[in-house]
Amino acid sequence: MRDSALRVNASHETGPLLPEDVQGTRRVVLFGPPGSGKTTAAGVLGRQSGLPVLRLAPGPQDARVACAGLLELALALPASPAARELTATLDEAAGRSGFPDDAGRALRLRRLTAALLREAPPMTLVVDNAQWLDPASAAVLGWALRLTPDLPVIAAERIWRPGAAGHWCGEDTCAVRIPPLAAPQVATLLSPYRLSPREVTRIHTHSGGNPALALALADASRPLSDRDGESESALPPTARRLVGEWLDEVPAQVQELLTFAALDDRPDVELLGRLAGPAAEALLAQAEAAGVLEIGRADRSVQFTASAIGTELATRLPGHARRLLHARLAEASNDSVRRDRHTVLAADGADPRAARRAARAAVRARQRGDHALAAELSLLAAQRTSHDDSELLTERALTAVRDAAHYGDLPRSRAAARLVLGHDTTPDQRVDALVALIDASGQHLHGADELFADALHTAAGRPGLTAQILIRQSIWANVNEGDPHRACALAGRATALAETVGDTTTTVMALTMQARLQRVLGHPDAETTLSRALFLPRAASIPVNGTPQHLAARHALFDDHPEEARTMLLPLLVEAERTGDAEATVDILRSLAEAELRAGRCARALHHADRAQALTDGTALSPAPACYTSSLVEGTARRTDLALVHARRGVDTARQEDNKVFLSRNLFALGRLLLATGRPKEALEVLEEVRTLEELQQVRDPSVLRWHPELAETFVALGRLDQAQSLLDDTRRTATELGRDAVLPPLERAQALLDAARGDYDTAARRLTDAADRLRHLPLERGRTLLALSHTERRGRRRASARTAAQSAADLFTAHQAHPWAETAAHTLGRLESAPTDHNAHLRLTSAEQRCAELAAGGASNRDIATTLTVSVKTVEATLTRVYRKLGLHSRFQLAHTITPARD
């Protein structure tokens with residue numbers, strides 16, 4: 001049996017995911033656990049065969065009835081004489097001793113079944129739930145199918161047997177394992193439920209991409225165990241049934257071993273081998289064949305394909321049985337911190353020694369950087385502390401809140417906060433818990449107004465505490481309400497209150513927030529405010545991403561001083577990683593990625609961006625910030641298609657979270673990519689939304705998010721020259737007033753493209769040459785400007801200068817590993833070297849090709865071009881193919897820089 005290479009069929013957004021090479025194959029066996037979509041996939045393949053489908057669907061009860069499958073086949077084809085004879089033979093033989101093993105009867109069944117399949121009209125035979133096809137029917141069918149090799153057969157069953165010989169479908173059967181849905185497909189599947197991106201992500205993890213399980217979790221009123229802050233919660237009934245069916249595919253001995261894996265936070269083959277002995281490998285192989293778990297090839301880690309499997313295995317155990325298994329795990333573990341975890345979980349819940357052990361283990365986990373485990377142990381320590389010792393309980397609970405908040409573990413943060421708020425505590429402690437909960441919630445803060453009101457009421461009469469809450473309100477007003485003026489005022493009030501009581505730590509945080517907003521608003525005191533924050537002593541309790549040092553690095557980036565920013569950011573990264581603050585670590589990594597990218601160190605930028613994305617995806621943090629950075633870096637340094645995926649994910653997440661700041665940023669990244677890949681009409685719609693959002697948020701400083709030159713270039717590409725000039729004039733005026741000189745070279749590049757579009761190639765070339773000279777410290781921006789210079793010189797019929805500029809751009813992009821831009825520069829250079837003159841290149845186009853190329857260069861879609869020229873879309877596609885071949889082009893982006901676009 002050959003195994004199919006799995007390539008996703010893009011026409012199915014939510015499944016089934018069918019390999020492209022399966023279509024047209026005569027014999028296919030689809031494998032996958034319950035709910036994976038085998039039945040749907042079999043139906044799709046059956047319809048694609050173009051023949052009527054005959055479907056057999058044995059049930060669990062049929063597996064024990066000899067020849068039940070043959071009877072179902074015969075009854076499905078009643079018009080066939082062979083079917084009637086087969087039915088009669090089965091009726092006659094039923095109940096007789098030796099049936100169906102009697103040789104004579106067995107041979108007759110084989111003959112009749114083969115005759116039945118030969119007499120049947122053209123069809124595709126689909127056997128669903130083939131794991132329940134009785135052995136006698138499978139043996140007869142297998143023999144008969146060898147005699148009817150042209151009959152298409154599709155079988156769907158549960159246990160994965162790649163390459164297994166002797167399947168009843170035949171030796172040449174193509175075996176296909178139904179892969180799980182990817183995260184975007186789960187999001188599409190669950191779109192009717194209007195869930196938040198975080199809930200969709202958690203359901204994807206919990207279900208492992210199993211569509212039926214994902215729907216069962218979404219259908220439940222409490223689909224996720226973390227909604228009420230519980231570390232473990234039983235699955236909803238429908239999900240339990242599905243997972244139960246999945247687990248029933250493996251024997252009880254395998255399930256017992258899997259239960260140990262479910263109770264450990266990081267199981268591996270070595271640990272399970274110490275518990276089960278030599279049989280462990282074989283037992284795990286059975287579980288892997290059933291699609292229950294995956295074994296890491298490098299580290300031999302054991303991971304459930306759907307975390308709901310582990311949840312079900314753990315929660316179905318009675319409490320005393322679970323404690324016994326934890327005790328065995330404690331004995332088997334070689335890791336001291338994890339051994340302590342199991343010891344605590346094996347102990348009685350009221351044992352104070354267990355609470356002390358958990359607290360000490362949490363410290364060790366924190367010190368070695370295992371922050372997820374530290375969050376769990378801190379909460380265990382708090383939960384197992386006696387309520388009679390209120391002071392110790394509060395101290396441990398607040399530690400748990402902070403540990404969980406650092407890792408983005410909102411469920412545990414909420415659970416720990418409830419321990420503080422649920423009994424008598426001081427106002428300082430209550431506010432501390434509420435502030436930590438607000439910090440942990442991030443974009444998932446539900447009922448923000450009520451929570452802030454509760455916190456302000458608790459802090460009444462205490463200026464220092466009130467200032468801490470106002471700082472969080474300021475963040476919320478800026479990010480979620482899109483009102484930086486109100487946010488700046490709140491930060492100013494926080495600064496004044498903190499200063500009145502001499503609270504230096506809170507003063508630094510408030511001044512930093514105030515300076516951040518003043519920069520956005522173009523306030524002249526922004527740098528003065530930041531200097532005040534930098535002058536004050538810094539407390540270790542301030543999150544690294546909330547320090548004035550981080551803001552100073554961001555300002556250095558805004559001002560195009562990437563080396564200065566990098567110098568400030570590297571020690572902050574060490575500090576963020578040491579404290580285990582996931583959100584701070586992501587923010588510093590994102591800033592470092594931007595700094596390295598601006599400096600032209602693409603490999604380092606990719607490394608930082610990938611780390612930020614991985615850390616985000618592994619926690620409950622909002623994906624929007626990391627997606628923004630990933631799209632910028634990926635689109636410049638690696639692949640534009642992946643960059644577009646990141647940008648669109650960031651846009652979708654920011655919209656659902658109502659995060660105004662990162663909606664603008666991800667839209668900007670998306671528009672920039674669309675422009676770079678030759679889709680100016682699409683880019684225009686996106687960048688116009690950025691402009692609207694930034695104006696609504698009253699963002700005045702053009703250095704913070706540089707959408708202005710991108711939108712101006714888009715206007716030029718679409719022939720909207722007056723709009724481009726107006727935007728450039730306004731932005732240049734604002735940048736000059738604010739002293740933002742770093743913004744001017746990109747504006748000059750856009751102005752030069754506008755000059756060239758008006759036919760003033762000399763002025764355009766001078767502008768671009770001057771701008772390139774000013775961008776020597778930013779190699780990628782310089783390369784982009786030189787590439788624009790090459791296109792301008794080519795349009796001005798100065799091929800030697802165009803070739804020199806293109807070569808310089810190609811050298812820069814190649815040296816700095818900006819692969820998409822290097823490819824574009826190489827194509828530009830190739831066109832210049834392959835054709836003797838630009839005029840002759842255009843002469844090779846017919847008038848129809850020229851007109852079609854001009855419309856495409858202007859951003860028109862194939863359908864738009866077809867409508868304009870009154871031809872079919874297929875004609876447009878064929879014409880553009882000829883244009884690309886004649887001009888040596890590969891994309892619309894290259895076409896837009898070769899052909900003068902048609903004017904609207």
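**Exercise 1. Place strand β5 among its neighbours.**

Strand β4 (residues 124–127) pairs with β5 in the parallel sense, over three bridges. The structure is a predicted model. Starting from this pairing, work out which residues of β5 stand opposite residues of other strands, and how β5 is covered.

*Solution.*

Step 1. On the β4 side, L125 stands opposite V153 in β5.

Step 2. β5 covers residues 153–157 and is also joined to β2, by five bridges, with the two strands running parallel. Two opposing positions can be read off here: V29 faces A155 of β5, and L30 faces A156 of β5.

Step 3. Turn to the cover. Five of the five residues of β5 are buried, and the strand is mostly covered. V153, A155 and E157 lie on one side, with I154 and A156 on the other, and both faces are covered. The acidic residue E157 is thus listed among the buried ones.

**Exercise 2. Explain why strand β2 counts as largely enclosed, and identify its partners.**

*Solution.*

Step 1. Count the buried residues. β2 spans residues 27–31, and five of its five residues are buried, so the rest of the structure largely encloses the strand.

Step 2. Sort the side chains by direction. In a regular strand, side chains alternate between the two faces of the sheet. In β2, R27, V29 and F31 point one way, while V28 and L30 point the other way; all are buried.

Step 3. List the partners. Five bridges link β2 to β5 in parallel. Four bridges link β2 to strand β6 (residues 174–177), again in parallel.

Step 4. Follow V29 to both partners. In β5 the residue opposite V29 is A155; in β6 the bridge partner of V29 is A175.

**Exercise 3. Is S207 buried or exposed, and what surrounds it?**

*Solution.*

Step 1. Locate the residue: S207 belongs to helix α7, which runs over residues 197–207.

Step 2. Apply the cut-off. Buried means under 20% relative accessible area. S207 has a value of 0%, so it is buried.

Step 3. Find the polar partner. A polar atom of the S207 side chain lies 3.4 Å from the backbone oxygen of H204.

Step 4. Collect the contacts. With neighbours within four places in sequence set aside, S207 is in contact with L213, A214, L217 and A306.

**Exercise 4. Is Q303 buried or exposed, and which residues does it touch?**

*Solution.*

Step 1. Q303 sits in strand β8, residues 302–304.

Step 2. Exposed means over 50% relative accessible area. At 53%, Q303 is therefore exposed.

Step 3. Not counting residues up to four places away in sequence, Q303 touches L293 and E294.

Step 4. For a distance across the model, take A487, 184 residues from Q303 along the chain: the two C-alpha atoms are separated by 44 Å.

**Exercise 5. Describe the chain as a whole: its secondary structure, extent, burial, contacts, surface and charge.**

*Solution.*

Step 1. The secondary structure comprises 45 helices and eight strands.

Step 2. The C-alpha trace spans about 100 × 90 × 40 Å along its principal axes.

Step 3. The chain has 904 residues, of which 56% count as buried.

Step 4. Among contacts between residues at least 6 apart in sequence, 66% join residues at least 24 apart.

Step 5. About 37300 Å² is exposed, and carbon and sulfur atoms supply 52% of this area.

Step 6. There are 108 positive and 112 negative side chains, and the centres of the two sets lie 3 Å apart.

Conventions: Residues numbered from 1 in each chain as written. Predicted model: local features only at pLDDT ≥ 70, side-chain atom pairs only at ≥ 80, totals over all residues. Heavy atoms only, no water. Buried < 20%, exposed > 50% of the residue type's maximum accessible area, 1.4 Å probe, protein only. Contact = heavy atoms within 4.5 Å. Areas by Shrake-Rupley, 256 points an atom, 1.4 Å probe, with all protein chains shown as cover. Lys, Arg positive; Asp, Glu negative; His and termini not counted. Charge placed at Lys NZ, Arg CZ, Asp CG, Glu CD. Pairing = 2+ DSSP bridges. Polar contact = N/O pair within 3.5 Å; in protein donor to acceptor, adjacent residues only side chain to side chain.
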